[in-house]
Amino acid sequence: MCGIVGYVGPKATLDVLLGGLRRLEYRGYDSAGVSVIGAHGLETRKKAGKLDNLVAEIAAHPMSESHIGIGHTRWATHGAPTDGNAHPHLGGPTQKLSLIHNGIIENFAELKAELLAEGAKFASETDSEVAAHLIAREYEATGDLPTAFANVVNRLHGAFTILVIHEDQPDVVMAARRNAPLVIGLGEGENFLGSDVAAFVEFTKRAISVGQDQIVILRADSVEVRTFDGHPVTPEEFTVDWDASAASKGGWSSFMAKEIADQPQAVADTLMGRIDSDGLVRLTEVEGLDLGLVMNLDRLIIVACGTAAYAGDIAKYAIEKWARIPVSVELSHEFRYRDPIITPNTLVVAISQSGETMDTLMATRYAKEKGAKVLAICNTQGATLARESDAVIYTHAGPEVAVASTKALTAQITAGYLLALLLGQMRQSLPAAELMALGQELLKMPARVTRVIEELEPAKELGREFANAKSVLFLGRNVGFPVAMEGALKLKELAYIHAEGFAAGELKHGPIALIEEGQPVIVIVPSPREADSLQPKVISNIQEIRARGAKVIAIAEEGDTQVEAYSEHVLWIPQSQSIFSPILAVIPLQAFAMELSTAKGLDVDQPRNLAKSVTVE
Ligand code: F6R
């Protein structure tokens, strides 16, 4: 939610800011704006709508050359997405201060009343503008920007990353962070700020993740970090392992198309160095967790939202089967509001691509308060979730820019399998040879994912064929159930049509009433090759819905000789053990949703009303 970028250094600032915003646009695209300080003082341009509108505005009203500036791309919270509500906001009667903000200032009403009583004039309906006026006023009183800035951020409640520049102090960007993300990029004679490292990865791989309630004083040749109460902080530097080119479209029609195609690499990179050739999992990252805890675990709770929660559902099957630990999967935003049972032997696993989803952060903080250890599965280095967890398994999907999650999901599912195998190994819940055979099978998945990617055309063709569908239903059983849920979510968010995923066994308990002549239903068919295969049951479910007029599209394993007779269309996936099949089965559903949305003329990378990283509750 809201992308933030700041720069000070010798480069053409506007290029750095607009490039950073382009890479952060997935965080919000309701409006965008920049401020720079040049020969004519502070200059600001901002515009409702996508970043291209801002670029056109700057082309129409060029800005001066500058070596310091801030930029913002907004996902609206307070105030509609208009030019006036776009950031930056100017502060004080002299309008020499410019501020950008990500988050929500909860006590803005009382602060605004205070300012109004003094005669302040507001140009927007946002909570953010309040902070701009307060800091400008404080600067007039103290004459010192860091002091003025600290005095004000200490008065703000809620969640915020705030960046400020002031015309009278043209060599410094001030930044503060509470409950919203902020990272510093360290350059030679230049420094950067961003909501995440994608903002500056093109220029530097050296980064610092700013901690909770910390202030940054950023100059071209120095970076100073302090706590809100003024104590110096020695921050820890890390090296960004994302490749800058990974955050660009590189000739693909959309980021989503590129990220779907990136999946063999995302899965392979997430496995890399973590399973040896005989199938033994080695996850040094998890060593941060106490072995005694792992041996005595009485339950494991997975917290996550949206697509990441479906990765959690799949992990549940693997962990329960291989490590014999009871697992519950909880939507992060529901979890802490129902007084969940957490014992000292509970492990909470938080899954998040961004590592900044506020609901998931609040759930893990709650779990920690109650004494649980937290293990994160996260895709973003330096993210708050990673910092606040006891151990982290990073997924190595690289930057995911399209709002709809694709490669992050398959990487999360992969990490879930690794965790399940590791827990099984540690607890010796299955014979070692069996676990190692599973590890070896997991190592074969990247090659199978490659084959799925190479054969996506039939799924895309169906997406085009069903472009006018009003509703699509998805059915699955066992690990196919979360796949069905994910297929429906992708279609809702990308194509804005009614889509629902059901457990196939649940059909007869109500949902079958939805089936009428011509209703498209996508069915995830399990492998028929296993002794306890659920394939016959799913075939029966298909027959039940076809008898009532459904048009069935099956996702089935190559070599399933029965399924064709029962389906209008079959999308084939390579053979694998059933438990690993979600990594394969979910991909045609991503392609189907992407193509259907494209056929409707919609923007697959930036669907309406959404933002990639949901940093408000
Ligand atoms: C859907 C999607 C979302 C995210 C969810 C969690 O395509 O991307 O449902 O999965 O908002 O985001 P993270 O993983 O960043 O916590």
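# Close-up views of a predicted model

**View 1. Strand 1 is enclosed by its surroundings.** In this predicted model, strand 1 (residues 3–8) is largely enclosed by the rest of the structure, because 6 of its 6 residues are buried. A residue is called buried when its relative accessible area is under 20%. In a regular strand, side chains alternate between the two faces of the sheet. Gly3, Val5 and Tyr7 point one way from strand 1, while Ile4, Gly6 and Val8 point the other way. The residues of both sets are all buried.

**View 2. Strand 1 pairs with strand 4 and with strand 10.** The pairing of strand 1 with strand 4 (residues 66–74) is antiparallel and extends over 6 bridges. Within this pair, Thr73 of strand 4 stands opposite Gly3. Strand 1 also pairs with strand 10 (residues 191–194), again in the antiparallel sense, over 4 bridges. Here Phe192 of strand 10 is the residue opposite Tyr7.

**View 3. Five strands form an open, parallel sheet.** The order of the 5 strands in this open sheet is 17-16-18-19-20, and their pairing is parallel. Strand 17 (327–331) and strand 20 (391–394) are the edge strands, each pairing on one side only. From one strand to the next, the twist averages 20°.

**View 4. Helix 9 packs on the sheet.** Helix 9 (residues 306–323) touches strand 16, strand 17 and strand 18 (346–352). The direction of helix 9 makes about 175° with that of strand 17. Strand 16 (residues 299–304) and strand 17 are joined by 5 bridges in the parallel sense. One of the bridge partnerships links Ile301 with Ser328 in strand 17.

**View 5. A cis peptide bond precedes Pro88.** The bond between His87 and Pro88 is a cis peptide bond, with omega about 0°. Pro88 is placed in the loop between strand 4 and strand 5 (89–91).

**View 6. Gln95 has a positive phi.** The phi angle of Gln95 is near 55°, a positive value in a residue other than glycine. Gln95 belongs to the loop between strand 5 and strand 6 (97–105). Its relative accessible area is 37%, so Gln95 is partly exposed; this class lies between the cut-offs of 20% and 50%.

**View 7. Asp213 also has a positive phi.** Although Asp213 is not a glycine, its phi is positive, at about 55°. Asp213 is located in the loop between strand 11 (206–209) and strand 12 (214–218). Asp213 counts as partly exposed because its relative accessibility is 25%.

Note on methods
Residues are numbered from 1 along each chain as its sequence is written. This is a predicted model: local features need pLDDT of at least 70, side-chain atom pairs count only at pLDDT 80 or more; totals for chains, interfaces and linings use all residues. Side-chain values use heavy atoms; hydrogens and water are left out. Two strands pair if DSSP finds at least two bridges between them. Helices (H or I, at least four residues) and strands (E, at least two) are DSSP runs, numbered from the N terminus. Axes are lines fitted to C-alpha atoms, for helices over the stretch in contact, and angles run from 0 to 180 degrees between N-to-C directions. Contact means heavy atoms within 4.5 Å. Buried means under 20% relative accessible area, exposed over 50%, partly exposed in between (1.4 Å probe, protein chains only).
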